[in-house]
Amino acid sequence: MNRSSFIFNFKLVLKQYLEKIKRNRFYYFLAKAVLLVSIVVLMDAALGDVMHYYYFKQKSGWIYETNYAVEKSTEPLLIFGSSTATHDCEPKIFESQLNIPAYNVGKDGHLIYYEYAVLKAVLKRYHPKIIILVFDDDELSQNQVFSSFVATLLPYYETHPEIRVVMDSKDENLKYKLLSKTYPYNSLIFTILMGTTEANKKRQVIVDGYVPLFKKWKEKIRDGKLHTNHPLDSGKIATYKLFVQECINSGINLFVIAAPIFMSPNYSSNSVIAGQIIAKEYGVKFLDFSKDTSILNHQEFFADMAHLNNVGASFLSLKVADSIKSYSSLLTEPSSVLITR
Amino acid sequence: MTFTSFNFLFFFPAVIIIFYALPYGWRWKFILFASYFFYISLKPVYAAILIGITIITYLFPILIEKAVSQKRKKKILIYNVILILLPLVFFKYFDVINTSLVNLLKGLNLHFPFPEIPFFMPLGISYYTFMSLSYSIDVYNEEIGAEKKFGIVALFLAFFPTVLSGPIERAGNMFPQFKSTLEFNYDKFVYGLQLMLWGYFMKFVIANRIGVYNKNIFDNTIRHNGHSVTVAVLLYPIQVYADLAGYSFIAIGAARVMGIDVMQNFKRPFFATSMSAFWRRWHISLIKWLTDYIYMPLSYSFRKYKMAGIVTALMITFIISGIWHGAALTFVIWGTLQGIFLSVEAITNKNKKAFVKTYNLGDRRWYLVLSCLFTYILFAFSEIFGGAVANIHSVLLVIKKIFLDFQGPVYSESPSTTLFLIFGISLLFLAEIKEEFFSGSHLLVNSKNVLVRHISYSVIIMIILLAGVFDESQFIYFQF
């Protein structure tokens, strides 16, 4: 049989076969379903690869900061926390006061689960000398708004087993969901676009992870009684304990600080109280600035009710640095020495 | 498990494969089994209530049919209605009745708190209660015969695509379908999957995304200015539409994949040029139920009062609709508002028609667009009472913010979130415009070219993966 007759026969057989399939509507559907699944898989893989490429190519902005925290940070002083960390703590001041390089690895809206996952990634690479964990008013609460936020770390799931463990504990189906190559970049397309075009630089100033706010809060101090004090979340408490334990085990000097909140002192956050008790239990220094009148009496320090502006951030950073300095004789020792019973 | 649970991704294909692998006679029995599995997966105790209602729904219509006199039929129907409504009243309204009684007694200086019963309302109870009532009333009215097979009645109420959020189906439509051979129908199958895909798009890409924004605003109204609150109020109808209609599309699609036709629940409501037109396009199955079983009998009873009778029937119907939505004063006001809107339209209808005819406004595009916008704003405003915020104090705060607080820019979580919002809503309206005005055209998913169709499906799936909000909390940044 020559080549052309083989092709002719093959075409004929294929044509007959396709017609047979077309006649049976169920098989016809199955054939089309296979075609659709193939297109979806191909498209997903291609789009996932493109997103992956641009995600890890970012040189500034929101994604870059996540990437820096997880894969690139080398500073001996790291500041962890949510927006209270990113807006309230200025690494340059810690650098000048404590003479060690510092970086703010905090992330807006990302609480203890995210912080713990990032800590695990950092500890895999090196052990910082000092860690400051800035405690949010809702750090350990059941507030649905601040639920988990570990999804931000989905792009690291495959390459970072230490992060994978934390994420799997939050969502047991994650390994199946991540069969999709696009899913890790969910909700990130516009952020990636802005980072790639560097449009984010025009929008926001970021200095070593610190994001200064320049506005001044105009409203009068809020009555603490009116504020919703959410109940505690046992999962978050357990993760906070793990965070503290990891620092102690790694010989890191951990300072937990409660960020100031522009509210009358008759408000006591459940999270802050629990955080304080646990810190004491583990012998870790907990510095509570949530009711510090040297800050609360200066409305001009606040950008909004929960965040300081650049002036307030400098003031708070100096105060925290001073407090850390007061323990300077202890800093060379393992953190377990910093017991303040 | 719900349609948006990860497990549903495995449950549904498994059900479909087994369903079509079974002989015809077994198919409806298998859907019944799958439906109970689906419902029990939410909370096993819920199924006990559903079974109880099913038994009543099965027995009473048979008794009604067998009753010899009209008087006896009526008596059985009344018992039936009371028994069916009892669980709904208990689970939905016990808390409100309890609190009201305690407050009333307090006012009389009597302190006698009733015990608090910690429970969750069984999901779907409002829907299957209405379905059960409609079946009994239809048998009473001799529109359909009483079903002798218990399994068919059980399937009617527990049918997994509709059990949680409707559409509120009728026995007359569903019973014959359940009893049919339910053969594989390629066109129905594919159309069902298309509807499901679009439903997921609406739910994940639009409803959940707006939900993130609105949660920020409505949970912390005091911290936001009037502009942001106004934007949230205007977005809310789209959120509810994308959520409810999205859910309905998934339900209708899932049923159609099994060869079962379920009634349409939404018909592009934002193209309605009046409130009466709006209610013919919004939550159609509920409105049809209310029209058939409440409005029509009432307006028939009040017919001698002419317009006053119509207005009374409208007000009563929509107040009941409000109470059905939730046991709170806000929902009663919501229902009253709808009643007022429709009554005003009914009263001014003749004059309006004459006015439109005189100035030839019926064909003017600007007039139609303005009418759509006016209807939308009326509905958006009423929705402040219809579940957008939790209680009457929050409603008043929202209204105060809208009309008195004009300071500051509109709140935006981040440019990225705003772009996602605009993107999703634009796609929704483009699709709605295409469907409303160019329904005959074969674009993208309706293209005759198989490759274009499949690439279109794939693109929608990619958009859901990239722009969907699967866990609202994942992407929220709470500003304060």
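## Strand E1 and its partners

In this predicted model, strand E1(A) (residues 77–81) is joined by three bridges to strand E2 (residues 102–104) of chain A, and the two strands run parallel. Within this pairing, Leu78(A) of E1(A) stands opposite Tyr103(A) in E2(A). E1(A) also pairs with strand E3 (residues 130–135) of chain A, again in the parallel sense, over five bridges, and here Gly81(A) has Val134(A) as its bridge partner.

The strand is mostly covered, with five of its five residues buried. Both of its faces are covered: on one side lie the buried residues Leu77(A), Ile79(A) and Gly81(A), and on the other lie Leu78(A) and Phe80(A), which are likewise buried.

## Helix H9 and its surroundings

Helix H9 of chain A spans residues 189–196, and its buried residues are Ile189(A), Thr191(A), Ile192(A), Met194(A) and Gly195(A). These buried residues pack against elements of both chains, namely helices H2 (25–55), H3 (61–72) and H10 (199–203) of chain A and helices H16 (415–437) and H17 (450–467) of chain B. After H9(A) comes Glu198(A), which has a positive phi, near 60°.

## The contact between chains A and B

The contact draws 37 residues from chain A and 28 residues from chain B. On the side of chain A that touches chain B, H2 and H9 of chain A each supply at least two residues, and the largest share, twelve residues, comes from H2(A). By residue type, this side of chain A divides into 20 nonpolar, ten polar and seven charged residues.

Definitions and conventions. Residues numbered from 1 in each chain as written. Chains lettered and ligands numbered in written order. Predicted model: local features only at pLDDT ≥ 70, side-chain atom pairs only at ≥ 80, totals over all residues. Buried ≥ 20, exposed ≤ 12 C-beta atoms within 10 Å, placed from the backbone. Helix = DSSP H or I, 4+ residues; strand = E, 2+ residues; numbered from the N terminus. Contact = placed C-beta atoms within 7 Å. Pairing = 2+ DSSP bridges. Nonpolar A, V, L, I, M, F, W, Y, C, P; charged D, E, K, R; others polar.
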